[in-house]
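Hi everyone, thanks for coming. Please have a look at the model on the screen, and I'll walk you through it step by step.

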Amino acid sequence: MDTEWPRWEVIKQDVPTAPLQMVGSVHAADPEHALLVARHVFVRRPSAYALFVAPAEAFFMVTQEALREGGWEWEAPLHPEKPYQVYRKATHRRSMTYGELVGKVTAQSPVDAVKKALLELPGPFLALWVVPEEALFGAGESPEVRESWFEPAKAKVYRLQSYYGLVGRHPKEVKRG
């Protein structure tokens with residue numbers, strides 16, 4: 001029996017002009033729960049403009065190695081076309097983000113979406129993720145929601161642990177003697 005909650009990928013937009021970025025994942029019972037957990041983990045101090053979650057199994061990923069070696073394509077059942085978001089990891093540079101939205105395609109399956117993304121959204125990449133837009137659940141689509149979800153975090157003053165010093169005396173007082 002699996003006792004772990006399902007995994008949800010978290011997609012965040014820092015400011016209106018920035019692209020959506022895959023920033024991590026959370027475990028939660030349902031989309032509402034996943035969104036709340038994602039807000040607490042990924043939005044407490046950095047700014048956010050929009051936040052979305054999607055079930056991890058809704059994402060289909062292909063790496064450069066898989067493309068070279070083959071075998072990533074399978075005969076997926078074709079469905080009516082639907083929009084997919086396409087995320088790309090472009091470098092090995094370490095950061096909080098591992099995929100950035102580079103565009104959208106309309107496709108009949110995840111494999112079809114990757115094929116179209118390779119044709120329509122060229123550019124260097126290490127990995128591509130596609131996710132149907134219908135799988136996304138989010139906050140930030142209206143100004144009222146954005147304000148109630150993200151404004152409280154902006155009012156908090158963030159200080160590094162070192163600001164608070166040692167118990168008893170502040171480090172500046174110790175240096176002064």
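**The sheet and what lies on it**

Let's start with one pair of strands: strand 5 (residues 82–89) and strand 6 run antiparallel and are joined by seven bridges. One of the matched residues is Tyr84, whose bridge partner in strand 6 is Val105. When I say that two strands pair, I mean that DSSP finds at least two bridges between them. Helices (H or I, at least four residues) and strands (E, at least two) are DSSP runs, numbered from the N terminus.

Before we go on, a word on where this comes from. This is a predicted model, in which local features need pLDDT of at least 70 and side-chain atom pairs count only at pLDDT 80 or more, while totals for chains, interfaces and linings use all residues. Residues are numbered from 1 along each chain as its sequence is written, and side-chain values use heavy atoms, with hydrogens and water left out.

Now, how many helices and strands are there in the protein? There are six helices and eight strands. In what order do the eight strands sit in the sheet? They form an open sheet in the order 4-7-5-6-2-1-3-8, with antiparallel pairing. Strand 4 and strand 8 (137–139) stand at the edges with a single partner strand each, so one side of each has no neighbour in the sheet. On average, neighbouring strands are turned by 35 degrees against each other, direction ignored.

Let's look at strand 6 (residues 99–107) again. Strand 6 also pairs with strand 2, in the antiparallel sense, over two bridges. There, Gln21 has Glu100 as its bridge partner, and Met22 stands opposite Gly99.

Next come two helices. Helix 1 lies across strands 1, 2, 3 and 8, at about 130 degrees to strand 3. Helix 3 lies across strands 4, 5, 6 and 7, at about 110 degrees to strand 6. Those angles run from 0 to 180 degrees between N-to-C directions, using axes fitted to C-alpha atoms, for helices over the stretch in contact. Contact here means heavy atoms within 4.5 Å.

In helix 3 (residues 110–120), Val111, Asp112, Ala113, Val114 and Ala117 are buried. Buried means under 20% relative accessible area, exposed over 50%, and partly exposed in between, with a 1.4 Å probe and protein chains only. The cover over these helix 3 residues includes strand 4 (60–63), strand 5, strand 6 and strand 7 (127–132).

**The core**

Which residues touch the most other members of the largest nonpolar core? They are Val10, Phe42, Leu51 and Val53, out of 16 residues. Helix 1 gives the largest share, four residues. A nonpolar core is a set of buried Ala, Val, Leu, Ile, Met, Phe, Trp, Tyr and Cys residues joined through side-chain atoms within 4.5 Å. Leu51 touches, among others, Val10, Leu35, Trp149 and Phe150.

**Two ring pairs**

Finally, the search of the whole structure finds two aromatic pairs. Rings of Phe, Tyr and Trp (its six-membered ring) pair if their centres lie within 6.5 Å; planes under 30 degrees apart are stacked, over 60 edge-to-face, and the rest tilted. Tyr98 and Trp129 have ring centres 5.5 Å apart and planes at 65 degrees, so they are edge-to-face. Trp149 and Phe150 are edge-to-face too, because their planes are at 65 degrees, with centres 6.3 Å apart. Phe150, at 2% relative accessibility, counts as buried.

Thanks for listening!

Conventions:
Lists of a residue's contacts leave out its neighbours within four places in sequence.
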